[in-house]
Amino acid sequence: MELVYTGKTKNVYALDNGNYLLKFKDDVTGKDGVFDPGMNEVGLSIEGVGDVNLRMSIYFFEKINAAGILTHYVSADLENTTMEVKPATVFGHGLEVICRHKAVGSFIRRYGEYIEEGADLPAYVETTFKNDEKEDPLVTKDGLLVLGIMTDEQYEDLKVMTQKITQIVADDLLEKGLVLYDIKFEFGYDADGNVMLIDEIASGNMRVYKDGEYIEPMELSKLFFAE
């Protein structure tokens, strides 16, 4: 295998069959030794975090694929903490897509004078460019079209897919007494321009509450897989 990219939490290898292999690591983002999924730098290593992130990704990718929604997921190997994925081209230099069911986090920081914290949102979708130096700036649909990042059809597909996937995750969490407030995804497209969900679906990418209290990502993973 050829190492083609070294990421903060995963390494990417090229496979002979044209697909790629994601190797999940125990490194997590944070600062000064404290885990923080919102940070843009590796802060520490937590034994087993790569394994649990892969397990949650497998669980949801298989469910999303079964629902007929296009993803890059092919298969996974828990023993080696790896996931085989189809090739995909990212939008621009990388695009993050957030779907919000509740008004919290950066949404309330921007718009708090117009809405109460924790208020319901109608599966509100927003997009940000992946850019650590600029702290992932927000970009509108019109911005994405003007900059040639994607087509109008691709944006509409991305939005609908995001809302459907978010509902799948939210419904699953609700069965466990957990409430999804918001979640972050990454999307790319295949050789034919079809939008697909890429990267991972892990606890560090979602904000979840139980009985009105925020659940830390590592605790969320434990609750999610508890018998």
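This report describes the sheets, helix packing and selected residues of a predicted model.

The model is predicted, and local features need pLDDT of at least 70, side-chain atom pairs count only at pLDDT 80 or more, and totals for chains, interfaces and linings use all residues. Residues are numbered from 1 along each chain as its sequence is written, and side-chain values use heavy atoms, with hydrogens and water left out. Helices (H or I, at least four residues) and strands (E, at least two) are DSSP runs, numbered from the N terminus.

**The five-stranded sheet**

Strands 1, 2, 3, 8 and 7 form an open sheet in the order 1-2-3-8-7, with antiparallel pairing. Two strands are taken as paired if DSSP finds at least two bridges between them. The edges are held by strand 1 (2-6) and strand 7 (73-77), each with a single partner strand, so one side of each is left without a neighbour in the sheet. On average, neighbouring strands of this sheet are turned by 25° against each other, direction ignored. Axes are lines fitted to C-alpha atoms, for helices over the stretch in contact, and angles run from 0 to 180 degrees between N-to-C directions.

Four antiparallel bridges pair strand 7 with strand 8, and A76 has M83 of strand 8 as its bridge partner. Helix 1 packs on the sheet and touches strand 3 (20-24), strand 7 and strand 8; the direction of helix 1 makes about 145° with that of strand 7. Contact means heavy atoms within 4.5 Å.

Two residues in this region can be followed individually. T82 belongs to strand 8 (residues 82-85) and is buried, with a relative accessible area of 9%. Buried means under 20% relative accessible area, exposed over 50%, and partly exposed in between (1.4 Å probe, protein chains only). Not counting residues up to four places away in sequence, T82 touches L21, L22, K23, L54, A76 and D77. L78 lies in the loop between strand 7 and strand 8 and counts as partly exposed at 35% relative accessibility. With neighbours within four places in sequence left aside, L78 contacts D51, L54, R55 and I58. The C-alpha atoms of L78 and I58 are separated by 9.5 Å, although these residues are 20 residues apart along the chain.

**Other strand pairings**

A three-stranded open sheet has the order 5-4-6, also with antiparallel pairing. Strand 5 and strand 6 (42-45) stand at its edges, each with a single partner strand, so one side of each is left without a neighbour in the sheet.

The table lists antiparallel strand pairs with their bridge counts and one opposed residue pair for each.

| Strand pair | Bridges | Opposed residues |
|---|---|---|
| strand 4 (residues 27-31) and strand 6 | three bridges | D27 and S45 |
| strand 10 (residues 95-102) and strand 11 (residues 120-129) | seven bridges | L95 and F129 |
| strand 11 and strand 12 (residues 138-139) | two bridges | T128 and L138 |
| strand 13 (residues 179-189) and strand 14 | four bridges | G188 and M196 |

Strand 13 and strand 14 form a hairpin with five residues between them, and G193 in the turn has a positive phi of about 85°. In a regular strand the side chains alternate between the two faces of the sheet. Strand 14 (residues 195-198) is covered on both faces: V195 and L197 are buried on one side, M196 and I198 on the other.

**Helix packing**

Two packed helices are described by the angle between their axes and the distance between the axes. For helix 1 and helix 4, the axes come within 11 Å and cross at roughly 125°. That makes helix 1 oblique to helix 4. Angles under 35 degrees count as roughly parallel, over 145 as roughly antiparallel, 65 to 115 as roughly perpendicular and the rest as oblique. The crossing of helix 1 past helix 4 is right-handed, a term used if the near helix is turned clockwise from the far one by less than a right angle, with left-handed for anticlockwise. Y59, F60, K63 and I64 of helix 1 make the contact with I165, I168, V169 and D172 of helix 4.

Helix 5 (residues 217-224) has P217, L220, S221 and F224 buried. Seen down the axis of helix 5, these buried residues fall within an arc of 100°, so they line one face of the helix; the arc is that of the directions from the helix axis to the C-beta atoms. Their cover includes strand 5 (34-35), helix 1 (49-66), helix 4 (152-175), strand 15 (206-210) and strand 16 (213-215).
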